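Welcome to a short set of exercises with worked solutions. Please have your viewer and a pencil ready, and try each task before reading on.

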Amino acid sequence: MIQPRITVSVNKKEKALGDLFGIFFEDLNHAADGGLYAELVQNRSFEFDYTDNKEYNSLTAWNKVERGAAHVEIHVETAEPLNNNNLNYLVMEVMLPGKGAGVQNIGYNSGISLVEGETYRFSCFYRRISSYSAPIVIRLENAEGTICYGEGTFEPVQTEWTKVELKIISKVTDKHARLSLLAQDKVSLAFDMVSLFPSNTFMGRKNGMRADIAQFIADMKPRFMRFPGGCLAHYGSTNPNDRNSMYRWKNTLGPIESRPTKSNIWKYNQTLGIGYFEYFQFCEDIGAKPLPVIAAGYDPHTRRAVPLDEMEPWIDEALDLIEFANGDTGTVWGAIRAEMGHPEPFGLEYLAIGNEEVGAEFFERFVIIHHAVREKYPEIKLIGSGGPGAAGSEYKRGWDCACSHGVDYVDEHYYQSPEWFIANMNRYDGYPADGPKVFLGEYASGDDTYNNAIVEAAYMIGMEKAPAAGLACYAPMLCNSDYVNWKPNLIWFNNHSVYGTASYYVQKLFMQHQGDSLLHIEAQRLPQPEIISKPITGAISFETKLANVEIIDIQLKNLETGETRQYERRVITPDQTSSFLDTIDWDHYSLSFRAAKLDESSGTDISGSRSFEVNFGKIDENNKLAWKMDWWMNLSNVCCTSEGRNSELINYVFNPQAKQEYDYRLEVKGRELRTFIDDVLYAETEDKLPIPEELYYSASIDEQVGDVILKVVNLKEYDVNAEVVFDGEAQTERNVTVFTLSDHLDEDRNSFEEPNKVIPKQMNMVWDMNHRSYNFPKRSLTIFRFLVN
């Protein structure tokens with residue numbers, strides 16, 4: 001066999017890589033409260049409510065403490081609040097102090113995590129209600145309250161709201177500790193904003209980030225950080241004063257006790273302790289450019305929309321944000337930034353308007369905001385929405401809008417299987433280099449195994465090489481293991497430890513070794529992938545979970561031979577969720593039927609729980625395709641399941657109304673698919689087979705130091721030995737550092753028990769710059785950094 005050759009042209013630059021690889025932060029999975037935000041007290045302002053989560057009340061995470069013969073009553077009042085944004089406060093009435101009377105906070109996860117010798121900053125606002133006072137002991141203790149780990153005391157003499165701050169040193173390490181506020185005599189007090197922070201926050205900031213999680217993020221060296229969402233950014237009421245409002249950045253500024261409480265779309269309370277100032281500051285601390293996402297006055301989940309003639313506040317939302325980030329101290333919002341402690345501008349370059357949007361209503365409003373920002377701040381790079389999928393009506397609508405209005409980037413989102421990523425490795429090769437650039441703002445391959453990580457690595461190489469690819473970030477980034485909303489995630493943590501997944505280490509390697517300019521690279525003598533033609537055949541059935549659907553006029557037709565099969569009426573219901581139709585082995589066929597959803601509530605459900613679907617090409621439950629009607633957020637789609645892993649091929653706006661019949665038709669030709677509704681073509685796509693290439697490769701140069709970087713992914717089940725040649729390099733040899741992810745089973749993954757099971761290996765060697773052979777291990781990622789001697 002002739003040895004393959006990879007040739008890197010070190011003096012031939014193809015494109016600037018810019019800020020290609022970054023990170024995405026959204027407060028789901030308790031990524032902020034109970035996560036990156038270092039606050040140790042849960043429900044510190046007693047604002048938890050059943051509207052946030054049906055399990056919540058204003059005393060969630062708080063317990064009454066009565067030790068010995070103690071007697072205390074606690075309740076929450078609103079008559080004399082700390083401020084108008086923070087209405088709830090705790091009233092503690094101690095009748096008998098006994099051996100301890102008061103309240104205790106359980107923290108997050110299994111409790112408050114303390115480290116021996118570390119200092120903790122306690123603070124609270126209090127107001128004395130009774131005519132008499134009594135000392136209050138602030139105590140760090142074990143879960144049973146029998147062992148004191150450290151304490152401080154204050155005398156609550158003030159009858160107006162007063163802030164108290166204490167420092168307490170923990171005598172022990174305990175992952176399950178509690179914080180208690182105990183009176184030493186009879187007293188009646190009001191408490192609010194009861195807080196406990198470790199002094200050891202990231203960069204030592206007072207309202208700061210948890211040091212270990214923040215360091216994991218900083219170690220990646222991301223070029224940018226997208227925040228605060230995600231669906232969190234655009235879901236909710238258009239009234240900024242509502243508890244369930246869309247994320248309004250101005251509400252997140254100022255003293256933390258003055259920030260309003262907010263319901264989180266992910267079904268918990270959001271304190272806004274990490275606000276826009278903290279986001280910008282954190283970006284600065286880790287060396288990442290800020291990339292904020294703002295809403296456009298439209299919520300695609302509920303279709304709430306601000307009238308077009310009332311868009312001025314939403315225009316101001318964008319313009320004022322840029323002034324807050326970049327304005328000098330003589331501007332209104334620049335002065336507010338300076339007052340918060342940062343007189344220097346934050347240097348905002350990017351602004352995203354919208355998340356994954358659905359519907360013309362968004363794009364009407366987007367254009368209004370886009371025009372206003374372009375006019376006042378033409379230097380800001382603006383990012384529009386490419387919808388919630390890799391293809392379809394909203395993807396097309398987003399790109400059409402961007403091309404028509406000169407938008408800088410289009411934000412694409414897709415969560416797919418490894419098979420989809422392999423089949424679409426060259427997705428961006430055909431995108432024009434002179435149009436809007438791609439911002440792949442959310443993506444992941446469905447799990448956090450070793451297999452997922454190396455497939456993602458190969459896809460990232462494609463991003464590096466594609467002329468139109470501009471920005472990309474994996475999603476989501478953070479997950480508290482006891483509060484999981486979404487999988488997979490890049491970094492997992494509990495209340496005392498943190499680990500990165502295999503995908504984390506791939507992202508970290510690509511960020512640390514991105515380079516500044518892409519170099520020309522060619523491969524010779526690599527075997528070409530075998531072209532396999534395998535038509536979609538198998539069982540066909542109708543399926544639902546909660547919908548009631550009547551299906552009539554069912555017909556299967558072989559479009560090559562003309563053979564036709566007719567079927568009797570079918571009904572699927574929550575009690576009869578499946579109706580098998582037939583099994584076929586035709587290459588080119590159509591399925592047509594007429595169906596109506598009988599549910600009165602259909603057309604209003606945004607979760608997709610009342611959807612129905614056609615399964616086809618079904619081998620078993622883990623290997624099939626599905627055409628889903630009324631799937632999610634007014635969308636229908638076509639998706640594929642391979643070995644139990646799901647991918648969405650295309651989605652489009654279609655929401656069948658209750659008790660209205662529609663004519664449906666599915667056409668399958670080989671692996672090409674088309675769907676029609678009432679004779680209108682809604683979707684045209686292809687279920688490509690995942691056939692990996694022999695090697696995936698890219699090269700870049702670090703302009704700061706002159707290092708040449710070569711990345712190679714081998715997805716094959718065998719090693720590939722290739723010659724690496726450098727063209728145009730006068731120097732005969734260089735020292736090289738090699739980073740390798742290899743020698744793992746596909747199913748291997750990191751965990752709290754084995755956090756380093758999948759991590760890169762590093763070695764140093766000397767490389768003959770003329771040519772040298774290297775053995776690329778099977779199922780591996782290899783990164784060479786050729787150093788300037």
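**Exercise 1. A loop with a cis bond**

In which loop does glycine 230 lie?

*Solution.* Start with the ground rules. This is a predicted model, in which local features need pLDDT of at least 70 and side-chain atom pairs count only at pLDDT 80 or more, while totals for chains, interfaces and linings use all residues. Residues are numbered from 1 along each chain as its sequence is written, and side-chain values use heavy atoms, with hydrogens and water left out.

Next, place the residue: glycine 230 sits in the loop between β14 (224–227) and α3 (231–234). Here helices (H or I, at least four residues) and strands (E, at least two) are DSSP runs, numbered from the N terminus. Then check omega: the peptide bond from glycine 229 to glycine 230 is cis, with a value near 15°.

Now try another cis bond, the one from lysine 487 to proline 488, where omega is near 0°. Proline 488 belongs to the loop between β25 (478–480) and β26 (491–493).

**Exercise 2. Overall dimensions**

Compare the radius of gyration with the globule rule, then describe the overall build.

*Solution.* The rule is 2.2 Å times the number of residues to the power 0.38, and the radius is taken over C-alpha atoms. For 789 residues this puts a compact globule near 28 Å, and the protein's 29 Å agrees. Along the principal axes, the C-alpha atoms fill a box of roughly 95 × 75 × 55 Å. Finally, count elements: the protein has eleven helices and 48 strands.

**Exercise 3. Positive phi, buried or exposed?**

Examine lysine 221 and arginine 779, and classify each by its accessibility.

*Solution.* Take the cut-offs first: buried means under 20% relative accessible area, exposed over 50%, and partly exposed in between (1.4 Å probe, protein chains only).

- Lysine 221 is in the loop between α2 and β14, and its phi is near 60°, a positive value in a residue other than glycine. Its relative accessibility is 52%, so lysine 221 counts as exposed.
- Arginine 779, in the loop between β47 (771–776) and β48 (780–786), has a positive phi of about 50° although it is not a glycine. Its relative accessibility is 9%, so arginine 779 counts as buried.

**Exercise 4. Covered helices**

How many residues of helix α4 (residues 276–286) are buried?

*Solution.* Go through α4: ten of its eleven residues are buried, including Tyr276, Phe280, Cys283 and Asp285. After α4 comes glycine 287, with a positive phi near 75°. For helix α2 (residues 211–220), the buried residues include Ile213, Phe216, Ile217 and Met220. Across the protein, 60% of the 789 residues are buried.

**Exercise 5. Into the cores**

Which residues touch the most other members of the largest nonpolar core?

*Solution.* A nonpolar core is a set of buried Ala, Val, Leu, Ile, Met, Phe, Trp, Tyr and Cys residues joined through side-chain atoms within 4.5 Å. The largest has 163 residues, and Ile217, Phe593, Phe616 and Trp627 touch the most other members. Helix α10 (residues 450–465) gives the most to this core, with ten residues. A second, separate core of 36 residues includes Cys124, Tyr126, Phe191 and Val194.

To finish, look around phenylalanine 616, where contact means heavy atoms within 4.5 Å. Leaving aside neighbours within four places in sequence, the contacts of phenylalanine 616 include Ile536, Tyr589, Trp627, Val638 and Leu673.
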